[in-house]
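Let's go through this one the slow way, asking how each label was earned. Have the sequence and the fold open side by side.

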Amino acid sequence: MDRKLRVLITDDSKLLRKKLRQELESLDCEVLEAQNGKEAVMLNLEEQIDCVFLDIVMPEVGGIEALQVIKEVNPDLPVVMLSSAGTPQKLMTTLKMGAMDFIQKPYTSEQIRKAVETVRRKVAANGQ
């Protein structure tokens, strides 16, 4: 794959977005940011995005609601849920809704790297 992955980070924590941006840029990704689910949905409609990292608990529109809308618009878009409030029920709900993965905060660099590799394989397989 010649081009960089375009990844959208959605989290209400500016610090987490900054840390995750650095992590993703070190993996040769182009990064866009949203601070809540509403912004994530709008960016998904406006931009060509390869993957979304989506926090569950956010103001205005939460991650589960955003995931639902994003999957209606773009069912094949890989979405990785991030949450510090990870309950088995939320995990199962998001996976049934089509999330590719669920990563518990605090995440590790290895978890992010593996998620990015999985997305790269999916994008390459789809010939994008």
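Q: What makes the order of elements from the N terminus, and how are helices and strands called?
A: The elements run β-α-β-α-β-α-β-α-β-α, which comes to 5 helices and 5 strands. Both are DSSP runs, numbered from the N terminus: helices are H or I with at least four residues, strands are E with at least two.

Q: Why is the chain called as compact as a globular protein of that length?
A: The globule rule is 2.2 Å times the number of residues to the power 0.38, and the radius of gyration is taken over C-alpha atoms. For 128 residues the rule gives 14 Å and the chain has 13 Å, which is close, so the label fits.

Q: How do you know where the numbers come from, and which parts of the model count?
A: Residues are numbered from 1 along each chain as its sequence is written, and side-chain values use heavy atoms, without hydrogens and water. The model is predicted, so local features need pLDDT of at least 70 and side-chain atom pairs pLDDT 80 or more, while totals for chains, interfaces and linings use all residues.

Q: Why does Arg-17 count as buried or exposed?
A: Buried means under 20% relative accessible area, exposed over 50%, and partly exposed in between (1.4 Å probe, protein chains only). Arg-17 has 8% relative accessibility, so it counts as buried. Arg-17 sits in helix α1 (residues 14-26).

Q: What makes the link between the side chain of Arg-17 and the backbone oxygen of Asp-11?
A: The side chain of Arg-17 reaches that oxygen at 2.7 Å. A polar contact is a pair of N or O atoms within 3.5 Å; within protein, one must be able to donate a hydrogen and the other to accept it, and sequence neighbours count only if both atoms are side-chain atoms.
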